[in-house]
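Reader: Could you take a close look at how helices pack against one another in this model, and then place that packing beside the contact between the chains? I would like one connected account.

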Amino acid sequence: MTLGKALEDISKALGHLRHQISLENAAGYFSKNKILENLLLPVLSITYDLPHLRNANVGGSNAPFVDLVDDSKNVAFQITTERKASKITETLEGFVASKPLQKYKTLRFFVFAPTDFSFNKTSLDKWSKICKGKLVFNPTDDIVQFTDLSRDICNLSGPKVREIHDLLAQSLVGEEWIDVRALLVDQAITQVNREKETGKYIPDVFVETTSTKALSRVFWHPHLFFGEILDSISRCRLPVWNKFFAKCGLPLLPPIDAEKFRSVASPEKLAKAAQQLEQELLQMVAASQLFEGVKDLCSPPFPIPPENRDFYDHNSWNVRSVFRVAQEWADDQIQKLNAVQRRVFILTGKAGQGKTNLVCDFVERFSVPHELPCAYFTGLQLGRISGDLGEHIQRNLFQGKTPTFQAAAKILSNYAAERKQPFVFVFEGINEHSRVSQFAGELEELVSAALKFPNIRFYFTCRSEYFVERFGNLLKSSFKKEILLVEPRQQYFGDFARDRLLDGYFKYFEVDPKKVDEQAQSFLKNDTLLLRFFCEAYGKRGRPADYEMPDIPHIYRAQVFELYLAKKLDAAADNKNRTVQHLSPLGSKADLLSVIRTVIGYMVTNRQFADVPFSVVPEAMHADLWFLLGEEILLRRDLAASGDISLAPSAEVLNFVYDEFRDFLIAKYLVQTFDPKTPDSFAAFVASGEAGAVQISEGIKRFLFYTSRLPDKLDFWKYYSQQPAYDEVFIPEIFFVAEEHLNADDAVRVRAVLENADQNATRVANILLWRGPRESFPFLNLDLLIDTLADGDDERYRVLIRNNFLPYHGFDDRSHPAEEWVEEFEEDLVPYLNPTRHEPYVQLMTVLFPLESESDLESPVVRLFRKIAAKFPALAHKVLRRALEFRFAVHRPFVWRLLAEQNLDTTMIADLTTLAEGELESASVETATEIRRFILKSTASCK
Amino acid sequence: MIYFTASNAVLAFLKSMPTREEFLRRAGVRENSYAGELVLKLYDDVFVYSKNLREEYRKYYKIEYPKFSDFADSVSSIPPSVLPKIDNYFKRYAFIIHFVVPYYLEENSGSETDTAAEILPVLLNTKLAK
C-alpha cells in the first residue's frame with residue numbers, strides 16, 4: 001500500500017468516526033465517547049510519541065479531568081467531543097486543584113467535535129489566569145482538534161503512518177472492523193435454535209446434575225465462580241472435623257485460607273490463585289489419608305494418647321466416615337479449581353444422558369445472558385464440510401473478514417481479555433463427525449494452535465464409548481495437561497433430579513402421568529434412554545388429536561422399543577410420502593424397513609456390529625436410507641474406526657445412534673429369520689464362536705430373551721430356553737417380562753436360583769419381597785419366596801432374608817430397613833388388610849420377626865404383628881402355626897413367644913403342646929425358654 | 001417461616017440473623033454449659049455451615065435465573081407449597097437459609113414429637129409453615 005493511500009484511508013476513517021460522533025451526540029448517546037478513549041489511545045501514542053500512554057479510567061469509574069496519561073513523560077489528555085470553552089475552563093480548574101494530577105506537567109485536550117472551533121480572548125485570559133504558576137498551558141498547541149491530528153499524522157514517518165492505518169482499519173471505523181459481540185451471540189443462538197428444531201434439544205427437559213453444570217459454570221466464567229468456590233471453602237466444616245479429631249487424639253487437618261484470594265482480578269493471577277488453593281486442599285487430603293486405616297473395634301493404626309483413648313474407642317467407627325466426607329468435599333473443590341485452570345473441558349457420557357440438552361441449555365441460559373463469548377459447532381455439521389477445519393470456523397464466525405484461523409483466534413482472545421472472560425469454542429457431539437479419524441487429528445491441530453492465544457478455551461462433548469478409542473489422541477497431545485475430562489456418573493443423579501427429568505419429559509411429550517403406574521415411573525427414572533424412548537412411544541405430542549394414551553402398569557423394554565421403532569418409521573415414511581412422487585407398491589414403511597434389514601443382515605452375517613460400509617446398501621435403496629438418516633436418531637454416517645484396514649480411509653459407514661436400539665433390531669432380525677428345523681445358523685451366531693471372534697452383546701441376549709417370551713414365538717422359546725445364553729440373562733430379565741407371558745417353568749428356574757443361596761439369590765429374594773402374592777402374580781410371587789425359605793436352613797434364611805435387611809451405617813445415622821418395611825406395610829396395607837388375600841404378607845412377617853430384634857425378643861415386626869393379631873386372631877394363629885413348619889430355626893423363639901400370648905382354642909393348644917414337647921429337647925436355649933413359657937401358659941388356660 | 005423439604009433439609013426465611021448471644025437467650029441456656037454447647041453447635045449448623053440462598057442467588061445466579069424461584073427450584077427440593085410464594089419471600093426476607101436437619105435433631109422412631117419442628121421455630125424466632 002502506498003503512503004498516499006494509507007493517509008487517505010486514515011483521513012476517511014477519522015472523518016467517518018467524527019460523523020458518527022456528531023450523529024450520536026445529537027441523539028443524546030455518548031457511548032462512543034467512551035470507546036474513543038481506547039480507540040484514540042494507540043493513535044495518539046504513535047502520533048505524539050507517547051509510548052506509555054494509558055487509559056486513566058481503566059478499572060472503574062471515570063478519572064476526573066483526564067482520560068489518558070503517560071507517566072514517563074508526565075503528559076495527560078482530556079478527550080472531549082464538546083466544542084465549548086466552558087469544558088476547557090472546568091477541566092483546567094479541576095486539574096490545577098487536584099493534588100494527584102500535579103505530577104503531570106502537560107495537559108492537552110483532544111476536541112473531537114463535528115467541526116473545529118476557535119476560542120476568544122476572554123477564554124484565553126481566563127485559562128491563563130487559572131493556570132498561572134501552576135501549569136504551562138498553550139491553547140494553540142495543547143488543544144488538538146481533528147484537523148490538527150490529521151496534519152500531525154501526515155508529518156509522521158511512513159512506518160508510523162502504516163501502523164496507524166492498520167490500527168484504524170481494524171477498529172470500529174475501519175473496513176476490517178469486526179463486531180465480535182454481535183457475531184458471536186448470533187452464531188450461538190442460531191445453533192441452539194437449530195438443535196431445538198431437530199428435537200435434539202428439548203428446553204425444560206434438561207435437569208441439572210449439580211456437579212456437571214457447576215463445573216461448566218466455573219470453566220466458562222472462572223472469575224465469577226471462583227468466588228463461589230471461596231464461599232464454599234469458607235463454609236467448610238473443617239473446624240468441626242478437627243474438633244472431633246482432637247477429641248479422638250488424632251492429628252488435625254491443615255487449615256485452608258481461602259480469603260486471601262478474594263481480591264484476585266487478572267486471569268493470570270486467578271489461575272495462580274486456583275493452583276495455590278488446590279495445593280492447600282491436596283495437602284489436606286494427604287493429611288487425611290492417615291485416617292483411612294481406622295477400623296471400627298480395631299486397634300488404631302497409630303498411637304493415641306491415653307487420655308483420648310476412651311473417646312477414640314467409642315468413636316473410631318466415625319473417623320472413617322469423617323475422612324470420607326472430608327475427602328469427597330475436597331475432591332469437589334479440587335475439581336472446580338481445575339475447571340478454573342484448565343482450558344479444554346471434555347464432557348463424555350452415554351447416549352441419552354442429555355449432553356446436547358446440557359450444552360444448549362448452558363449456551364442459551366448461561367452464556368448468552370452473561371454475555372460470555374462463545375461459538376457453538378456440532379460434530380455432525382462439521383462432518384458435512386470439506387476443507388480445513390480452522391478455515392471453516394473462522395469463515396463461519398467472521399464471514400471472511402479474517403485471513404486465517406490464527407487471526408480470528410487472536411481477535412477472539414483479545415476480545416475475551418477486554419471482558420476478563422475466556423472465549424469458549426463449543427464442539428458438541430464430536431463423535432458424530434462423519435470422518436472421525438481425520439477429524440480427531442484436525443481437532444488436535446486446531447486446539448493446539450488456538451491455545452497459543454491466552455484466553456481461548458474449548459468445551460467438547462463426546463459419547464464415552466467413542467472417546468478413548470477415537471479421540472484418545474487428545475489425551476496424548478501437547479495440551480494434555482490442559483484437559484479436564486468429566487464423565488458424570490449416573491448415580492450422582494439424585495432422586496430430586498430424576499423426578500424433575502421424568503416430569504420434564506412427560507410434560508414435553510405430553511405423557512399423562514396418571515396413566516403410568518408408580519413402579520413403572522420409578523423404573524423409567526433410572527434409565528434415561530428408556531425414558532426418552534418411552535415418551536416418544538406413548539406421548540401425545542405429534543400424534544392425532546384423538547390419540548388416547550393407554551394405561552401403563554409395567555414397563556417392558558422390548559415393547560417400548562417396538563413402539564419407538566414404529567414411530568420413527570412413521571416419521572420417516574411421512575417425510576418420504578410428502579417428498580417422493582412415485583411410491584413403491586409395498587409402501588414407504590416396508591421400503592424403509594428393508595434398508596434396516598439390509599444393514600442388520602450385514603451385521604449378523606459378518607459379526608460386525610458397527611461401521612457397516614455404506615456400499616452394503618444397494619443404490620436403489622439410497623433414497624430410503626437418506627430418509628432414515630434424516631431422522632438422525634435411527635442411523636448415521638460415520639467413519640470406520642481407525643485401523644480398520646478392510647475399509648478405504650474415506651469410506652462412508654453406517655451405525656446406529658443408540659447401541660441398545662441396534663441390539664433390539666438384531667434380536668428382532670434373528671428371531672424373524674429363525675428356522676426351528678435348521679437352528680444351526682442361529683446357534684452359531686449366539687455361541688461364542690472362534691477364538692477372537694466378536695462376541696454378541698449382553699443387549700442382544702436380553703432382547704432375544706424378551707422376544708422368546710412372546711406368545712407367538714413359542715417355537716423359538718422351546719429352542720432358545722435350552723441355550724446357555726438364555727440362562728445367562730434369565731435373572732434379572734425375567735422380572736421385566738409381561739406378567740401374562742410368564743409360565744411355570746419360570747417359577748422352577750427362579751426357585752433353583754433361590755436355592756443356590758448366593759448373591760444372585762439375595763437379589764432375586766429382594767425382588768420377590770416386593771412383589772405381591774399369588775393372586776396378583778401367578779408365578780413369580782411372595783409365596784414362592786416363602787415356600788423356598790420354608791424348605792431351607794439358617795444359611796438360606798441369612799442369604800434370602802437377613803442380607804436384604806442389613807442396616808446401613810452412615811456418617812450421621814444408621815438406616816433401619818426392617819423398621820422402614822414395617823412403616824410402609826403399616827401405612828399401605830394394614831388399613832385395608834384382607835385376611836385371605838394378604839395372608840402371604842402376614843406369613844412373611846413371621847420370617848421377619850428376628851430382624852432388628854432386641855434381647856427381650858422385641859422387634860419392629862413383632863410389635864406390628866401383635867396389632868394385626870388383635871384384629872385378625874385366626875389369621876395370626878394360622879401363620880404362626882405354619883411358621884413352626886419352617887426348617888430354619890432363627891425365628892422360632894419369637895413364634896413360640898407370640899403363640900403364648902394368643903388365646904388359642906383347645907384343639908390348637910393340644911396340637912401345639914405335642915409339637916412343643918417334641919421340640920423341647922433339640923431346641924436352642926432361647927427357643928426352649930419360650931416353649932416352656934408356652935406350655936405353662938396353655939396349661940394354665942386349660943385349667 | 002420454616003419449611004421442611006423432602007430431602008430432610010430446612011428452608012428458613014428470616015428477616016434478620018440472630019447473634020450467638022441472642023440464640024443462647026432464645027434457648028434459655030448458658031454459654032458454658034453442655035446445653036449451651038449444643039445450642040451453639042446448632043447455631044453453626046444453621047448460620048455458618050449453611051447456605052444463604054438469597055445471597056448466593058444475588059452474587060452468582062441472578063443473571064442465569066431471572067426469577068429467584070427458578071434458581072431455588074433448580075438447586076434444592078423446594079416444597080411445592082412454598083414455590084409460588086418464594087419470589088415474594090425473596091423480597092421480604094433478607095436471609096433464606098438452606099440447611100440439612102442436623103442428625104441430633106432428627107426424629108427418633110420412639111419419640112412422640114418432632115424435635116426439629118419444635119425447637120427451630122423458637123430458636124429462629126419464626127413460625128413453622130403448615
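**Helix packing and the chain contact**

Author: In this predicted model, A:Arg557, A:Ala558 and A:Phe561 of helix H23 in chain A meet A:Arg702, A:Phe703 and A:Tyr706 of helix H28 in chain A. Sorted by class, the residues in this contact of H23(A) with H28(A) are four nonpolar, two charged and no polar ones. H23(A) spans residues 557-579 and H28(A) residues 698-708, and the two pack at an angle of about 95° with their axes 9 Å apart. Since angles of 65 to 115 degrees count as roughly perpendicular, H23(A) and H28(A) are therefore roughly perpendicular to each other.

H23(A) also takes part in a salt bridge, for A:Asp624 pairs with A:Lys576, and the closest N and O atoms of the two are 2.7 Å apart. A:Lys576 lies in H23 of chain A and A:Asp624 in helix H25 of chain A (residues 622-630), so the pair ties together parts that are 48 residues apart in sequence. Over all chains, the count of salt bridges comes to 60.

Another pair of helices in chain A has a crossing of a similar description: helix H30 (residues 724-733) and helix H31 (residues 744-755) pack at an angle of about 80°, with their axes 11 Å apart. This makes H30(A) roughly perpendicular to H31(A). On the side of H30(A) the contact is made by A:Tyr726, A:Asp727, A:Phe730 and A:Ile731, and on the side of H31(A) by A:Asp746, A:Arg749, A:Val750 and A:Val753. The classes in this contact of H30(A) with H31(A) are five nonpolar, three charged and no polar residues. A:Ile731, one of the contact residues of H30(A), is joined to A:Pro732 by a cis peptide bond with omega near 5°, and A:Pro732 is itself found in helix H30 of chain A.

A third pair is arranged in another way, with helix H35 (residues 817-828) of chain A and helix H37 (residues 860-871) of chain A packing at an angle of about 25° and their axes 9 Å apart. Angles under 35 degrees count as roughly parallel, and that makes H35(A) roughly parallel to H37(A). Here A:Glu819, A:Val822, A:Phe825 and A:Glu826 of H35(A) meet A:Pro860, A:Val861, A:Leu864, A:Lys867 and A:Ile868 of H37(A). The contact of H35(A) with H37(A) has six nonpolar, three charged and no polar residues.

Turning to the chain contact, 22 residues of chain A touch 19 residues of chain B, and the area buried between chain A and chain B is about 1,900 Å², of which 47% comes from carbon and sulfur atoms. Nine residue pairs are in polar contact across this interface, both residues being at pLDDT 80 or more. The elements giving two or more residues to the side of chain A that touches chain B are helices H9 (210-220), H10 (222-234), H11 (238-248), H14 (355-367) and H20 (495-509) of chain A. Of these, H10(A) gives the most, with five residues. That side of chain A divides into 12 charged, eight nonpolar and two polar residues. Between chain A and chain B there are four salt bridges; in the salt bridge of B:Asp45 with A:Arg237, the closest N and O atoms are 2.6 Å apart.

Conventions. Residues numbered from 1 in each chain as written. Chains lettered and ligands numbered in written order. Predicted model: local features only at pLDDT ≥ 70, side-chain atom pairs only at ≥ 80, totals over all residues. Heavy atoms only, no water. Axes fitted to C-alpha atoms, helices over the stretch in contact; angles between N-to-C directions. Helix = DSSP H or I, 4+ residues; strand = E, 2+ residues; numbered from the N terminus. Parallel < 35°, antiparallel > 145°, perpendicular 65-115°, else oblique. Contact = heavy atoms within 4.5 Å. Nonpolar A, V, L, I, M, F, W, Y, C, P; charged D, E, K, R; others polar. Buried area = accessible area lost by both parts, 1.4 Å probe. Salt bridge = Lys/Arg side-chain N within 4 Å of Asp/Glu carboxyl O. Polar contact = N/O pair within 3.5 Å; in protein donor to acceptor, adjacent residues only side chain to side chain.
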